[in-house]
Amino acid sequence: MTDKKFTIDVVSDVVCPWCFLGRKRLESALALNPDLDVIVNWRPFQLDPTIPPQGKDRNRYMQEKFGSSDKIFEIHQQLTELGKEAGIEFDFEAIEVSPNTLDAHRLIRWASQATPNVQDKMVGILFSYYFEQGKNIGDHQILLEAAQEAGMDVAIVASLLPTDADTLGVRQEIDTANQIGVRGVPCFILDQKYAVMGAQSAEALADAIRQAADGFEPRPV
């Protein structure tokens, strides 16, 4: 491996349960590569940008998306089992609103401008708020709670949220992800060269990171 800093850009949406799993598995993958100096950047994606700012009723939205209660139960059961293995306590029954995530992504963008690791901490907080606590992460008050928990300047965030600050920048990043072929998330872009799609196992992701750090294109996973 080299001594240079290694970047991982994670394209994700904070209402994507597979992205929550992907974050946990990335943590484990990095622990398997302790000699690698890694910078993780979280990049925005919206699974459904058509959701209105006030969000949609979660149950109705899931029925529209998947068609049957049996299918939804099957998906949630699988994710709950996988979550436990990764240290996630999914509580899908607690989720009442499917939010539009544009403002959450703006907050994540602002977190990247704070002290190191605040952005990753913010992403973890938002995932937990939504999937483990059922909080509406499209609600500005909830986003201010997240900002406070992450150690950000809440007054500044409170002044920015009601405006269009960085809305264009977030949308441009999402457009860029679409233009480079990202169709599903999570997508891990290693060293700005190689893309690994999906919530791969920690071992597979660690192997891909190791190969990329050594200058080789990762084997398909």
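Contact, in what follows, means heavy atoms within 4.5 Å. With that settled, good morning, colleagues; the structure before you is a predicted model, and I shall begin with one residue in it.

That residue is Val14, which sits in the loop between β1 and α1, residues 17-31. Is Val14 buried or exposed? Its relative accessible area is 1%, and since buried means under 20%, Val14 is therefore buried. Setting aside its neighbours within four places in sequence, Val14 is in contact with Thr101, Ala104, His105, Ile108, Leu126, Phe127, Tyr130, Phe131 and Ile137. Thr50, by comparison, is 36 residues from Val14 in sequence, and the two C-alpha atoms are 16 Å apart in space.

I turn next to Ser12, which belongs to strand β1. Ser12 has a relative accessibility of 4% and so counts as buried. Beyond four places in sequence, the residues in contact with Ser12 are Cys19, Trp42, Arg43, Pro44, Phe45, His105 and Val185. His105 thus appears in the list for Ser12 and also in the list for Val14.

Ser12 brings us to the sheet. What is the order of its strands? The order is β2-β1-β5-β6, in an open sheet of 4 strands with mixed pairing. β2, residues 38-44, and β6 are the edge strands, each pairing on one side only. On average, and ignoring direction, neighbouring strands here are turned by 20° against each other.

Let us go through the pairs. β1 pairs with β2 in the parallel sense, over 7 bridges. β1, residues 6-12, also pairs with β5, here in the antiparallel sense and over 4 bridges. Ile8 illustrates both pairings: its bridge partner in β2 is Val40, and in β5 Ile8 stands opposite Leu190. β5 and β6, the latter covering residues 194-197, run antiparallel and are joined by 4 bridges. In that pair, Phe188 stands opposite Val196 of β6.

β5 merits a further remark. In a regular strand, side chains alternate between the two faces of the sheet. In β5, residues 187-190, Cys187 and Ile189 point one way while Phe188 and Leu190 point the other way, and all are buried.

Now to the helices. Two packed helices are described by the angle between their axes and the distance between the axes. For helix α4, residues 102-111, and helix α5, residues 118-131, the axes come within 8 Å and cross at roughly 155°. Angles over 145 degrees count as roughly antiparallel, and α4 and α5 are therefore roughly antiparallel to each other. Their crossing is right-handed. On the α4 side the contact is made by Ala104, Leu107, Ile108 and Ala111, and on the α5 side by Val118, Gln119, Met122, Val123 and Leu126. By class, this contact has 8 nonpolar residues, 1 polar residue and no charged ones. Among these residues, Ala104, Ile108 and Leu126 also contact Val14.

The second helix pair is α1 with helix α9, residues 202-213: the two pack at an angle of about 55°, with their axes 8 Å apart. That angle makes α1 oblique to α9. This crossing, too, is right-handed. Arg25, Leu26, Ser28, Ala29 and Leu30 of α1 make the contact with Ala202, Leu205, Ala206 and Ile209 of α9. The classes here are 7 nonpolar, 1 polar and 1 charged.

I close with the backbone. Most residues other than glycine have a negative phi, and most peptide bonds are trans. Which residues are joined by a cis peptide bond? They are Val185 and Pro186, with omega about 5°. Pro186 lies in the loop between α8, residues 167-179, and β5. Val185 was named earlier as a contact of Ser12.

Several residues take a positive phi. Asp191 does so, near 55°, in the hairpin of β5 and β6, which has 3 residues between the strands. Asn117, which is not a glycine, has a positive phi of about 75°. Asn117 is in the loop between α4 and α5, and its relative accessibility of 65% means that it counts as exposed. Asp166, also not a glycine, has a positive phi of about 70°. Asp166 is placed in the loop between α7, residues 154-160, and α8; at 27% relative accessibility, Asp166 counts as partly exposed.

Thank you for your attention.

Methods
Residues are numbered from 1 along each chain as its sequence is written. This is a predicted model: local features need pLDDT of at least 70, side-chain atom pairs count only at pLDDT 80 or more; totals for chains, interfaces and linings use all residues. Side-chain values use heavy atoms; hydrogens and water are left out. Buried means under 20% relative accessible area, exposed over 50%, partly exposed in between (1.4 Å probe, protein chains only). Two strands pair if DSSP finds at least two bridges between them. Axes are lines fitted to C-alpha atoms, for helices over the stretch in contact, and angles run from 0 to 180 degrees between N-to-C directions. Angles under 35 degrees count as roughly parallel, over 145 as roughly antiparallel, 65 to 115 as roughly perpendicular and the rest as oblique. A crossing is left-handed if the near helix is turned anticlockwise from the far one by less than a right angle, and right-handed if clockwise. Ala, Val, Leu, Ile, Met, Phe, Trp, Tyr, Cys and Pro count as nonpolar, Asp, Glu, Lys and Arg as charged, and the others, Gly among them, as polar.
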